[in-house]
Amino acid sequence: MKSKWFVWVVLLPIVILFTVFMVLPIAGGFVIATFDYNPLRSGNSFIGLSNFVKLFSDATFIKSFKNTLMFVFVTVALNITVCLFLSALITSLRWSKLRSLFRVLFFMPCVAPLVASSTVWRGLYSPKYGLVNSFLENVLHIPAVNWLGTPAFVMPAIILFTLWADMGYNIILLSAGMDGIPSDFYEAAEMDGTNALKKFFFITLPLLGRTMSFVVAMTLISHFQMFAQFQVLAGRTGGPNQAGNVLTYYIYKTAFQAKDMGYASAIALVLFAIIMIVTLVQQRASRVDWGY
């Protein structure tokens with residue numbers, strides 16, 4: 001009996017924090033979503049589920065929804081693939097100081113504020129004076145591209161920036177996971193004459209299961225919530241033909257520019273549901289029940 005009381009006392013602060021900062025805001029958001037709510041108005045009428053029904057006929061919401069899914073799944077797939085490759089290269093280095101140097105170099109973009117980095121990359125994407133177009137014209141002999149002014153190139157430009165800015169975290173986690181794999185497995189494989197590629201796919205990847213599950217889940221959640229680079233690179237209109245408009249940016253514009261807090265809360269709840277469903281499916285699909 002005493003042990004149960006001790007457990008509840010220890011857990012009580014976490015339960016209170018979770019309730020105050022997670023449960024109550026979600027419940028409050030659902031309540032606000034049932035009103036035609038404008039914080040600058042004295043009276044706000046109850047409209048039930050009308051804000052949720054409105055979503056199905058809102059072309060901007062549908063466009064933002066599709067852009068969000070495309071951005072998240074393409075970026076996460078590229079992020080995990082590139083980070084696995086780079087982490088394997090870093091882990092294969094025998095000199096520990098060199099491994100640490102590369103980890104620091106890849107992690108440095110993660111330290112910089114995202115708004116500041118996005119502003120710098122907006123200059124790099126400049127049609128006339130940007131370094132990206134200079135490289136294309138002078139090195140690859142490809143005509144310059146209006147990266148942020150052409151609908152087909154806005155999202156690839158944002159994805160490229162996001163990969164540069166966000167890979168450092170996953171490289172640190174994945175390389176740490178690779179360092180934790182016992183060397184006995186690799187020594188046994190070398191005795192059988194296994195090459196490096198087979199060791200990676202048949203030893204490293206399977207034994208990296210728990211780390212991979214955590215990395216994929218956290219990357220999915222963070223990418224669904226990304227906002228700063230879309231505001232800076234896509235601009236106030238969400239880019240040409242709203243090619244760079246995503247749900248987070250649409251929520252911001254609806255809530256703080258149009259002052260339609262009720263509709264913005266409905267969009268936010270949809271985004272919350274998407275994140276929860278995708279995360280649960282991913283965790284279920286990548287569940288690991290073993291250890292070494």
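Which helices are included in what covers the buried residues of α12? In this predicted model, the cover includes α3 (59–92), α10 (209–224), α11 (228–234) and α13 (261–285). Helix α12 itself spans residues 247–257 and is mostly covered, with eight of its 11 residues buried. Those buried residues are Leu247, Thr248, Tyr249, Tyr250, Ile251, Lys253, Thr254 and Ala255, a list in which Lys253 may catch the eye of anyone setting up a calculation on charges. After α12 comes Lys259, whose phi is positive, near 60°.

It helps to step back to the chain that surrounds this helix. The secondary structure comprises 13 helices and zero strands, so that reading along the sequence gives α repeated from start to end, α-α-α-α-α-α-α-α-α-α-α-α-α. Taken along the principal axes, the C-alpha atoms fill a box of roughly 75 × 75 × 30 Å. Of the 292 residues, 39% count as buried. When contacts between residues at least 6 apart in sequence are considered, 70% of them join residues at least 24 apart. The chain exposes about 17,000 Å², and carbon and sulfur atoms supply 72% of that area. As for charge, there are 20 positive and 11 negative charges, and their mean positions lie 8 Å apart.

Turning to the interior, the largest nonpolar core has 62 residues, and Phe71, Leu84 and Ile267 have the most contacts inside it. Helix α7 contributes the largest share of this core, 12 residues. One of the well-connected members, Ile267, leads straight back to the opening question: leaving aside neighbours within four places in sequence, Ile267 is in contact with Leu55, Phe61, Leu247, Tyr250, Ile251 and Thr254. Among these partners, Leu247, Tyr250, Ile251 and Thr254 are also on the list of buried residues in α12.

Helix α7 offers a polar counterpart to look at. Asn170 is found in this helix, which covers residues 151–179. Is Asn170 buried or exposed? Its relative accessibility is 5%, and because burial requires a value under 20%, Asn170 counts as buried. The side chain of Asn170 makes a polar contact with the side chain of Asn79, at 2.8 Å. Beyond residues up to four places away in sequence, Asn170 touches Asn79, Ile80, Cys83, Ser87, Val215 and Thr219. Asn79 therefore appears both as a polar partner and in this set of touching residues, for which contact means heavy atoms within 4.5 Å.

Methods:
Residues are numbered from 1 along each chain as its sequence is written. This is a predicted model: local features need pLDDT of at least 70, side-chain atom pairs count only at pLDDT 80 or more; totals for chains, interfaces and linings use all residues. Side-chain values use heavy atoms; hydrogens and water are left out. Helices (H or I, at least four residues) and strands (E, at least two) are DSSP runs, numbered from the N terminus. Buried means under 20% relative accessible area, exposed over 50%, partly exposed in between (1.4 Å probe, protein chains only). Accessible areas come from the Shrake-Rupley method with a 1.4 Å probe; for residues, only the protein chains shown count as cover. Lys and Arg count as positive and Asp and Glu as negative; His and the chain ends are not counted. The place of a charge is taken as NZ of Lys, CZ of Arg, CG of Asp or CD of Glu. A polar contact is a pair of N or O atoms within 3.5 Å; within protein, one must be able to donate a hydrogen and the other to accept it, and residues adjacent in sequence count only if both atoms are side-chain atoms. A nonpolar core is a set of buried Ala, Val, Leu, Ile, Met, Phe, Trp, Tyr and Cys residues joined through side-chain atoms within 4.5 Å.
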